[in-house]
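Reader: I have a model open and would like to learn how to read it, one feature after another. Could you walk me through it?

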Amino acid sequence: MSRKTHLTIDRLVLHGFSPAQRDAVVAGFHAELMRLLGGGDSGPGADFGDSRAVPALKVALRRNGGSGAGEAAARQLVQGLRR
């Protein structure tokens with residue numbers, strides 16, 4: 001039996017980033033989430049156990065990180081969801 005992960009992000013708030021930086025952060029964030037969560041039917045997915053809702057989760061980003069900051073944020077998010 002395969003498990004599916006469904007993640008809904010209502011709002012992604014980025015303070016202190018220029019528009020160009022925000023685009024890079026979001027692209028890195030999305031790519032890393034897809035990698036970590038399996039990226040669809042072909043990937044292994046992530047096992048989070050039972051369904052649950054997390055009302056808010058804050059992560060720390062380096063302002064000069066670009067897509068690397070987004071990737072780090074995705075890793076922090078997934079780690080926070082596993083707690």
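Reader: Let's start with glycine 68. Which helix does glycine 68 lie in?

Author: Glycine 68 belongs to helix α2. Keep in mind as we go that this is a predicted model.

Reader: How should I read its accessibility: is glycine 68 buried, partly exposed or exposed?

Author: The general idea is to compare the relative accessible area with two cut-offs: under 20% is buried, over 50% is exposed, and partly exposed lies in between. Glycine 68 has a relative accessible area of 31%, so it is partly exposed. You can also look across the chain from here: the C-alpha atoms of glycine 68 and glutamate 32 are separated by 9.5 Å, although the two are 36 residues apart along the chain.

Reader: Then let's follow that to glutamate 32. Where is its place, and why does glutamate 32 count as buried or exposed?

Author: Glutamate 32 sits in helix α1. It counts as buried because its relative accessible area is 8%, and the cut-off for buried is under 20%. With neighbours within four places in sequence left aside, glutamate 32 is in contact with Glu71, Ala74 and Arg75.

Reader: How do I read the packing of the two helices: at what angle do α1 and α2 pack, and how far apart are their axes?

Author: For a helix pair, take the angle and the distance between axes together. Here α1 covers residues 19–36 and α2 covers residues 67–81; they pack at an angle of about 40°, and their axes are 6 Å apart. That angle is why α1 is described as oblique to α2. As for handedness, the crossing of α1 past α2 is right-handed.

Reader: Which residues of α1 and α2 meet?

Author: From α1 come Ala24, Val25, Gly28, Phe29, Glu32, Leu33 and Leu36. Their partners in α2 are Ser67, Ala69, Gly70, Glu71, Ala73, Ala74, Arg75, Leu77 and Val78. Sorted by class, this contact has 10 nonpolar, three polar and three charged residues.

Reader: Let me pick glycine 70 from that list. Is glycine 70 buried or exposed, and what is it in contact with?

Author: Glycine 70, in helix α2, is at 0% relative accessibility and therefore counts as buried. Setting aside residues within four places in sequence, glycine 70 is in contact with Val25, Gly28 and Phe29. The C-alpha atoms of glycine 70 and arginine 22 are 8.9 Å from each other, with their positions 48 residues apart along the chain.

Reader: And alanine 73: what does alanine 73 touch?

Author: Alanine 73 is another residue to find in helix α2. Its relative accessibility is 5%, so it counts as buried. Beyond residues up to four places away in sequence, alanine 73 touches Phe29, Val59 and Leu61. The C-alpha atoms of alanine 73 and valine 25 are separated by 8.7 Å, and the two lie 48 residues apart along the chain.

Reader: What about the loop: where is lysine 58, and is it buried or exposed?

Author: Lysine 58 is in the loop between α1 and α2. It counts as exposed because its relative accessibility is 83%. From lysine 58 to alanine 73, the C-alpha atoms are 9.1 Å apart in space, with the residues 15 apart in sequence.

Reader: To finish, how do I read the chain as a whole: how many helices and strands does it have?

Author: The chain has two helices and zero strands. Of its 83 residues, 24% count as buried. Among contacts with a separation of 6 or more, 70% are between residues 24 or more positions apart. The chain exposes about 6200 Å², with 50% of that supplied by carbon and sulfur atoms.

Conventions. Residues numbered from 1 in each chain as written. Predicted model: local features only at pLDDT ≥ 70, side-chain atom pairs only at ≥ 80, totals over all residues. Heavy atoms only, no water. Axes fitted to C-alpha atoms, helices over the stretch in contact; angles between N-to-C directions. Helix = DSSP H or I, 4+ residues; strand = E, 2+ residues; numbered from the N terminus. Parallel < 35°, antiparallel > 145°, perpendicular 65-115°, else oblique. Left-handed = near helix turned anticlockwise from the far one by under 90°. Contact = heavy atoms within 4.5 Å. Nonpolar A, V, L, I, M, F, W, Y, C, P; charged D, E, K, R; others polar. Buried < 20%, exposed > 50% of the residue type's maximum accessible area, 1.4 Å probe, protein only. Areas by Shrake-Rupley, 256 points an atom, 1.4 Å probe, with all protein chains shown as cover.
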